[in-house]
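User: I'm new to reading protein structures and would like to go through one step by step. Can you put it up and start me off gently?

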Amino acid sequence: MDLSKIKTLIDFVGQSDITELTVSEKDTTVRIFRTKTTGETAGPVVRPAAAAQETGATPVTAPIFGILHAASAPGEKPFVAVGDSVEAGQTLFIIEAMKVFNSIAAPCAGRIVRLAGVDGAEIEAGDLLAEIG
């Protein structure tokens, strides 16, 4: 399914009263949903990465749009928690985009001082996921 079709579907959902639309074409399935009361896409709001610089911590941001996973599999222990020490290159999260799983690694060594990402949440590129102090 090409991006112009996906954009058309998003626009359709945004302008209609439906709250969820699932469309499959060949080996691709697109699911678009929003909350009925506000008309906005469902999912938690994540603050921008620029706000992390106020604390002096190193921000870890999402490089792509997708679904955030805090653990390697459902029910497993999260990769990191607030207060954990991490090494540069250590996996902090996985972002699932179009059935591809992308590891998000720590940009530096330090201690996790904040986790802004919510497991299972839909995130945008540039959203703050964590801060390393």
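Analyst: Let's begin with a word we'll need: a residue is called buried when its relative accessible area is under 20%, and exposed when that area is over 50%. Keep in mind that this is a predicted model. Now try the word on a strand: β10 is mostly covered, with 5 of its 5 residues buried.

User: Okay. Which strands pair with β10, and in what sense?

Analyst: Strand β3 pairs with β10 (residues 128-132) in the antiparallel sense, over 4 bridges. You can find the matching residues yourself: T58 has I132 as its bridge partner in β10, and T61 stands opposite L128. Strand β8 (residues 110-115) also runs antiparallel to β10, joined to it by 3 bridges. There, L115 is matched with A130.

User: What is the order of the strands in that sheet?

Analyst: Read across, the order is β3-β10-β8-β5, an open sheet of 4 strands with antiparallel pairing. The edges are β3 (58-61) and β5 (85-86); each has a single partner strand, so one side of each is left without a neighbour in the sheet.

User: Which strands make up the other open sheet, the one with β7 in it?

Analyst: That one goes β7-β6-β4-β9, again 4 strands with antiparallel pairing. Here β7 and β9 (122-123) are the edge strands, each with a single partner, so one side of each has no neighbour in the sheet. β4 (residues 66-69) pairs with β9 over 2 bridges, and G66 stands opposite I123.

User: Now the inside. What should I expect of nonpolar side chains?

Analyst: In soluble globular proteins, nonpolar side chains tend to be buried together. In this model, the largest nonpolar core has 15 residues, and V86, L92, F93, I95, L129 and I132 touch the most other members. Strands β6 and β10 each supply at least two residues of this core. Apart from it lies another core of 6 residues, including I6, L9, V13 and I32.

User: What does L129 touch, leaving aside its neighbours within four places in sequence?

Analyst: Quite a list: among its contacts are V60, L68, F93, I95, I104, L115 and I123. R114 is also one of them.

User: How do side chains point along a strand?

Analyst: In a regular strand the side chains alternate between the two faces of the sheet. Strand β2 (residues 28-33) is a good one to practise on. T28, V30 and I32 point to one face and are buried, whereas T29, R31 and F33 point to the other and are not.

User: Is F33 exposed or partly exposed, then?

Analyst: Partly exposed, because its relative accessible area is 22%, which is not under the 20% needed for buried. F33 is also the bridge partner of E20, and β1 (residues 20-25) and β2 run antiparallel, joined by 6 bridges. The C-alpha atoms of F33 and T19 are separated by 5.3 Å, though these residues are 14 apart along the chain. In the hairpin of β1 and β2 there are 2 residues between the strands, and K26 takes a positive phi near 55°.

User: Which residues in the loop between β6 and β7 have a positive phi?

Analyst: Look at M98 and K99. M98, which is not a glycine, has a positive phi of about 55°, and K99, not a glycine either, has one of about 65°. M98 sits in the loop between β6 (91-97) and β7 (100-105), and K99 is in that loop too. M98 counts as exposed because its relative accessible area is 63%, and K99 is exposed at 70%.

User: One last puzzle. What is the nearest side chain of opposite charge to E96, and how far away is it?

Analyst: The nearest one is K99, 4.2 Å away. A salt bridge needs a charged nitrogen and a carboxyl oxygen within 4 Å, and E96, although buried, has no salt bridge. E96 is found in strand β6, and its side chain makes a polar contact with the side chain of H69 at 2.8 Å. Leaving aside its neighbours within four places in sequence, E96 is in contact with G66, I67, H69 and F101.

Methods:
Residues numbered from 1 in each chain as written. Predicted model: local features only at pLDDT ≥ 70, side-chain atom pairs only at ≥ 80, totals over all residues. Heavy atoms only, no water. Pairing = 2+ DSSP bridges. Buried < 20%, exposed > 50% of the residue type's maximum accessible area, 1.4 Å probe, protein only. Core = buried A, V, L, I, M, F, W, Y, C linked by side-chain atoms within 4.5 Å. Contact = heavy atoms within 4.5 Å. Lys, Arg positive; Asp, Glu negative; His and termini not counted. Polar contact = N/O pair within 3.5 Å; in protein donor to acceptor, adjacent residues only side chain to side chain.
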